[in-house]
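Here's a quick briefing to read alongside the structure. Take a look at the model first, then work through the points below.

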Amino acid sequence: MTSIDQITPIPSTTSAPLVVAPVYDGLCTFEFSIVAEIFGLSRPEMGPHWYRFASAAVEPGWLRAHGGLRVMADGPADLLEQADLIVVAGWKGAHVPVPEALAQRLRQAWERGARLASICSGAFVLAATGLLDGRRAATHWRYAEALRQRHPAIQVDADVLYAEEDRILTSAGSAAGIDLMLHLVRKDFGVKAANSVARRLVMPPHRSGGQAQFIERPVQPDRLHRLSDVLERMRTELHSDWTVERMAQSVLMSPRTFLRRFIEATGVPPGQWLIAERVAEAQRLLESSAIPVEDIAARVGFGSVQVLRHHFRARLGLAPRDYRSMFSAAPMRSGRAAVQPET
């Protein structure tokens, strides 16, 4: 058990943004750890203006956390009044009421200019403030319908990893919180800093796609096994002309049977799956190489820059060159990503 004199004091550097995570009884340990790891870990290589981090107890006494832990926060809920960014790391449950005192503190923080963020079920806490009404928000796909029913004024998006609107940021399931926290680092300190943090986490600095790919779709193992070889071959030969007939022939099925089995196994038709794989490979090449966009389009099977741009915009909301400007590891001026829209 940590005694009070072992708690690290909050640095008083005035120019460094203060990130505060509310601590509650039943704390989601993993989600809280994401916030503490990214914002609370000492990172001297980032300079003196890196984030400060504190945890704030929003309930009295020792608080329990998942895994049989008991925790004591850095300070009381008053710390929320000092925060530049408040991250609600999960919540006790979709149907557990949010104390009005906590909702009021969050509303006041947002009104004075602080940013609010949530991970997974933490969206229910932000929803209780009323600030998400009329705005788009993300949460774990298992909680999306409950969030819609309890707060019909919110535009719940169950497909994205995270959403941002008017200084309020919400993320999907637990690991999507890492994506959102890296997004915040990228916005505040630039691409190079976000890439550095991601590297220490041993994860990519940006994941493409949304959480729809993670929704449970029971698949009979034998069916998935029969398709695994052709899926892997398609990934390694993205430049090839993959027709349904060719795919079906490679696994000795009729096109009709192949289509049915493919959708059962992946949740999407072959054409959509192939486009997603081609976009993902284009992202990797844009991030990690200086290969011209024209060559990347050919290499991943889109054939032309126009086709690549179309699918890139449809899936990511960015043109390929804009994506490279934002997510390439090349140094950026002033430590921030300066994106010039592609015409």
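To call two cysteines a disulfide, their sulfur atoms have to be within 2.5 Å of each other. Keep that cut-off in mind as you go through this predicted model. The chain has 343 residues, 47% of which count as buried, and its fold includes 13 helices and 11 strands.

**Cysteines**
- How many disulfides does a search of the whole structure find? The count is 0.
- Take Cys28: its closest cysteine sulfur sits in Cys120, 7.0 Å away, so the gap is too big for a bond.
- Both of these cysteines are tucked away from the surface: Cys28 is buried at 6% relative accessibility, and Cys120 is buried at 5%.

**Helix H1**
- Helix H1 covers residues 29-40, and its buried residues are Glu31, Phe32, Ile34, Val35, Ile38 and Phe39.
- Looking down the axis of H1, you'd see those buried residues fall within an arc of 150°, so they line one face of the helix.
- What covers them? The cover for the buried residues of H1 includes strands S1 (18-23), S2 (52-57), S6 (85-89) and S7 (115-119), along with helices H5 (176-189) and H6 (191-201).

**Salt bridges**
- The whole structure has 17 salt bridges, and a few of them are worth a look.
- Arg148 pairs with Glu145, with the closest N and O atoms 3.3 Å apart. These two are 3 residues apart in helix H4 (residues 144-150), so about one helical turn separates them.
- Lys187 and Glu164 meet in another salt bridge, at 3.2 Å from N to O. This pair links distant parts of the chain, as Lys187 is in helix H5 and Glu164 is in strand S10 (residues 162-165), 23 residues apart.
- Both ends of that link are partly exposed, with Lys187 at 37% relative accessible area and Glu164 at 34%.
- In helix H10 (residues 270-288), Arg284 and Glu281 are 3 residues apart, or about one helical turn. Their salt bridge puts the closest N and O atoms 2.8 Å apart.
- Asp78, Glu81 and Arg105 are joined into one network by salt bridges that share partners.

**Confidence and overall numbers**
- The mean pLDDT of the chain is 84, and 85% of its residues reach 70 or more.
- Go carefully with residues 1-8, where the pLDDT is below 50, and with residues 330-343, where it is also below 50.
- Of the contacts with a separation of 6 or more, 62% come from residues 24 or more positions apart.
- The chain's accessible surface is about 16,900 Å², and 53% of that belongs to carbon and sulfur atoms.

Terms used: Residues are numbered from 1 along each chain as its sequence is written. This is a predicted model: local features need pLDDT of at least 70, side-chain atom pairs count only at pLDDT 80 or more; totals for chains, interfaces and linings use all residues. Side-chain values use heavy atoms; hydrogens and water are left out. Buried means under 20% relative accessible area, exposed over 50%, partly exposed in between (1.4 Å probe, protein chains only). Helices (H or I, at least four residues) and strands (E, at least two) are DSSP runs, numbered from the N terminus. The arc is that of the directions from the helix axis to the C-beta atoms. Contact means heavy atoms within 4.5 Å. pLDDT is the predictor's confidence in each residue, from 0 to 100. Accessible areas come from the Shrake-Rupley method with a 1.4 Å probe; for residues, only the protein chains shown count as cover. A salt bridge is a side-chain nitrogen of Lys or Arg within 4 Å of a carboxyl oxygen of Asp or Glu.
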